[in-house]
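Please examine the protein chain shown here before reading the questions and answers on its architecture and side-chain pairing.

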Amino acid sequence: MNRFKVSKLRHTEARLPRREAWINDIRAGTTPSCGNHIKSSCSLIAFNCDRPGVLGIVPLEDQGEDKRHVAHLGCHSDLVTDLDFSPFDDFLLATGSADRTVKLWRLPAPGQTLPSVAGVVLEEDLPVAVLQFHPTADGILVSAAGTAAKVWDAAKQQPLAELAAHGDLVQSAVWSRDGALVGTACKDKQLRIFDPRAKSQASQSTQAHENSRDSRLAWTDTQEHLVSTGFNQMREREVKLWDTRLFSSALASLTLDTSPGSLVPLLDPDSRLLVLAGKGERQLYCYEVAPQQPALSPVTQCVLESVLRGAALVPRRALAVMGCEVLRVLQLSDTAIIPVSYHVPRKAVEFHEDLFPDTTGCVPACDSHTWWAGSSQQVQKVSLNPACRPWPSFTSCLVPPAEPPTDRAQPREPPVGDADPSTDPSEGFSSPPSSLTSPSTPSSLGPSRSSTSGIGTSPSQRSLQSLLGPSSKFRHTQGTVLHRDSHITNLKGLNLTTPGESDGFCANQLCVAVPLLSSGGQVAVLELRKPGRLPDTALPTLQNGAAVTDLAWDPFDTHRLAVAGEDARIRLWRVPPEGLEEVLTMPEAVLTGHTEKIYSLRFHPLAADVLASSSYDLTVRIWDLQAGAERLKLQGHQDQIFGLAWSPDGQQLATICKDGCVRVYDPRRGPEPLQEGPGPEGGRGARIVWVCDGRCLLVSGFDSRSERQLLLYAADALASGPLAVLGLDVAPSTLLPSYDPDTGLVLLTGKGDTRVFLYELLPEAPFFLECNSFTSPDPHKGFVLLPKTECDVREVEFARCLRLRQTSLEPVAFRLPRVRKEFFQDDVFPDTAMSWEPVLSAEAWLQGANGRPRLLSLQPPDMTPVSQAPREAPARRVPSSAQYLEEKSDQQKKEELLNAMVAKLGNREDPLPQDSFEGVDEDEWD
């Protein structure tokens, strides 16, 4: 900034609105992507919902109502990675997705039905990362997918140029303000400038930031200057100002902090105000960009009330210029959209031309053909002075407006976007806040599976479900911590640093085994049948002799505990039936064979005395506990084994490894894997479990951006990759899956988390159906699922878990709200496997025998299945005939009202209470 010229924007202040001005009752998506998650035109706001492929649409300004209604647009079969409104047509929206398509949508005016089919579809070869409309020509847009960026002619639905000189994934692609150049930021740390009409190769390139993490670009009002955000080698966030005429080094550079959230640059070319919004943070930074004398001058900072998930600028034509509003940022939080206004204080309430120069209008300068032929025409500018309105309007011919529907005699279903605000219009959706790879689009999914809960479904509900897609009958699950009388409290000295491959503790229907922090690898055994406060004195423990790495109860012997230690040994302990009353130092047996410390232990689901263990020696060994010897050894792993799991029939064993592979073994056939497939990209940790009756494998892990994700595989086709990928959130702990085969539900949480995710898993699309999650006020140290027999079926409790806290252990019940609870809910409680009875002996299984578990009905003898319950006819409330016969005139109603008021006041002729009081005689005053 010129030292002799004071900026007119130096006193700009950010103003947070009152909560009445917020757009509430939304559920925003939090999946990381290169997009901003929210965009605005002069009329509408579009934002990422917590359901993959779905956008929320809401008017920018209220329509004279107390609450703005949010409509939901199901536009893609996978995560919407970026979106953009046309700079000329307020109702033309472009969306890019991980399903490798770019779609253009004609949105209706607020209050009308949203479209179900896109007007234009552009096919990409890879998942779309970013996109942007051309600033001067109608029908031109740029998109980036993988290592290439393409310039599209949307009218012809074909690419005009492919900018493919990138060495890694493209993270940002933006047009210069005059529409002549395209700037890209790439994961290879290079910043490139392209002239797409001249050649497909970059005309200039330079190293932008030293770190390959998210980098973004924004052009100023000229094609000579642009701003980039990224990270330096020390992982500090930084902002740089570049001049394309001197591209070897930045004109100015500014280092902020070491926060992990990527910076979203929001640059207004007219005022040259730059707002930096960090995802996952609560602060906005505002700077003034001065290219003449290179500088990034701080203007103001704004502390937000909630965490920022995305941010967007409102077009300048929609600002309140008479209130000196020079900028408006829309903050997307988890549950609301919050407009943050930037004002320059002025005394006079008038139009200030120095603050509001003429801005770009809404009529394009040319069409796509003219621009590609070499036209450099610029969009005509318009004055922001209210006296010069209205401005010329423009409607793009790319997606023509739909004709208004003709009136019909029969009643219609209300549109999804105009649903009752008290009801979530997307309740039928069952996809989480995440990325989901699925071959079907939300707008074309079939109706949900029928339920025999005794509650009928109206035709309008079925119509809504057919629009919004299938939903889980467990979506209204309620997780409840049981009464304190069932808690075990006053736990002391817990070992909270068990390896990530361990669940932290283990439990069966009788006992809980918890590692303690004291030396010698001590394990406390607590009885669930004896809740209450533990004594302050030391508890009797199992002296393992080495630090505990994992532990597991024998499913067929409730008093036998297997404990793995860092000394590469497995010790088998026998807990007395009456409980642990003294310190035990001698285990029942010790298994030796591994050469490095052990990761995890898994008992066979059907055969007694069969145990599998994985170790740092990169092997999986299968033990015969009756003989106390190793029988089988599985090989083929190239790195640390994160987890292993037996198939439900006990014939195969699956592993997930740090080398990025999922493997399936048939241990009795040979030591090498039968199948291998690609696993999660991240190497921080992973878990694996068999689901869908053994037809699928579920893997929880991390992607390359450290986002926690779920991958669903077909068990017989690992090499073809996952059927679906579901991104959840960013957290350091690995998700621990607990699968209930009776309901098809998986419960997922991590050590140190406060939230338990619930999903119903399907072997076909849409694969993941979201259910209500359970949230606790404080983080838990472990979370395990108890056997099915512990559930109270009379309360429709389909799962019971144990939650380990810092000093207590508490049971959590997951229940399903049902109306007719006097009946046994046989759709929720099918016959369950008797997992406590072995089907085979270890010797029989090792010789090749297989078996099936016995089934047990959970129906109490005194309850009738709801499927056999008589259907109740809905009671019709008909007003009595007296209400129609006793219609009163207005005069009669007035007289009755007046009489009632007089009756309340009482009779004016009645004596007052003080009249009955005895006074003082006249002579007594002297």
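The questions below move from the whole chain to selected residues.

This is a predicted model, in which local features need pLDDT of at least 70 and side-chain atom pairs count only at pLDDT 80 or more, while totals for chains, interfaces and linings use all residues. Residues are numbered from 1 along each chain as its sequence is written, and side-chain values use heavy atoms, with hydrogens and water left out.

Q: How many strands does the chain have?
A: Helices (H or I, at least four residues) and strands (E, at least two) are DSSP runs, numbered from the N terminus. By that assignment the chain has five helices, and its strands number 64.

Q: What percentage of the residues in the chain is buried?
A: Buried means under 20% relative accessible area, exposed over 50%, and partly exposed in between, with a 1.4 Å probe and protein chains only. Of the 926 residues in the chain, the buried share is 53%.

Q: Which residue has a side chain joined to that of T655 by a polar contact?
A: T655 lies in strand 49, residues 653-657, and counts as buried because its relative accessibility is 0%. A polar contact is a pair of N or O atoms within 3.5 Å; within protein, one must be able to donate a hydrogen and the other to accept it, and residues adjacent in sequence count only if both atoms are side-chain atoms. At 2.9 Å, the partner of the T655 side chain is H637.

Q: Why is the sulfur of C801 not bonded to the closest cysteine sulfur?
A: A disulfide is a pair of cysteine sulfur atoms within 2.5 Å, and the structure holds zero disulfides. C49 is likewise in no disulfide, with the nearest cysteine sulfur, that of C75, 9.1 Å away. For C801, the closest cysteine sulfur is in C791 and is too far for a bond, because the separation is 8.3 Å.

Q: Which residues touch the most other members of the largest nonpolar core?
A: A nonpolar core is a set of buried Ala, Val, Leu, Ile, Met, Phe, Trp, Tyr and Cys residues joined through side-chain atoms within 4.5 Å. In soluble globular proteins, nonpolar side chains tend to be buried together. The largest core here has 25 residues, and the members touching the most others are V275, L284, V326 and Y342.

Q: Where does R316, the salt-bridge partner of D268, lie?
A: A salt bridge is a side-chain nitrogen of Lys or Arg within 4 Å of a carboxyl oxygen of Asp or Glu. The side chains of D268 and R316 meet in such a bridge at 2.8 Å, N to O. R316 is buried because its relative accessible area is 7%. D268 is in strand 23, and 48 residues away R316 is in the loop between strand 27 (310-313) and strand 28.

Q: Is D221, the partner of R272, buried or partly exposed?
A: D221 forms a salt bridge with R272, the closest N and O atoms being 3.0 Å apart. Because its relative accessibility is 33%, D221 counts as partly exposed.

Q: Which residues are linked with R803 in a network of salt bridges?
A: R803 is found in strand 61, residues 797-804, and is buried because its relative accessible area is 1%. Polar contacts join the R803 side chain to that of H780 at 3.2 Å and to that of E810 at 2.4 Å. The residues linked with R803 in the network are D778, R805 and E810.
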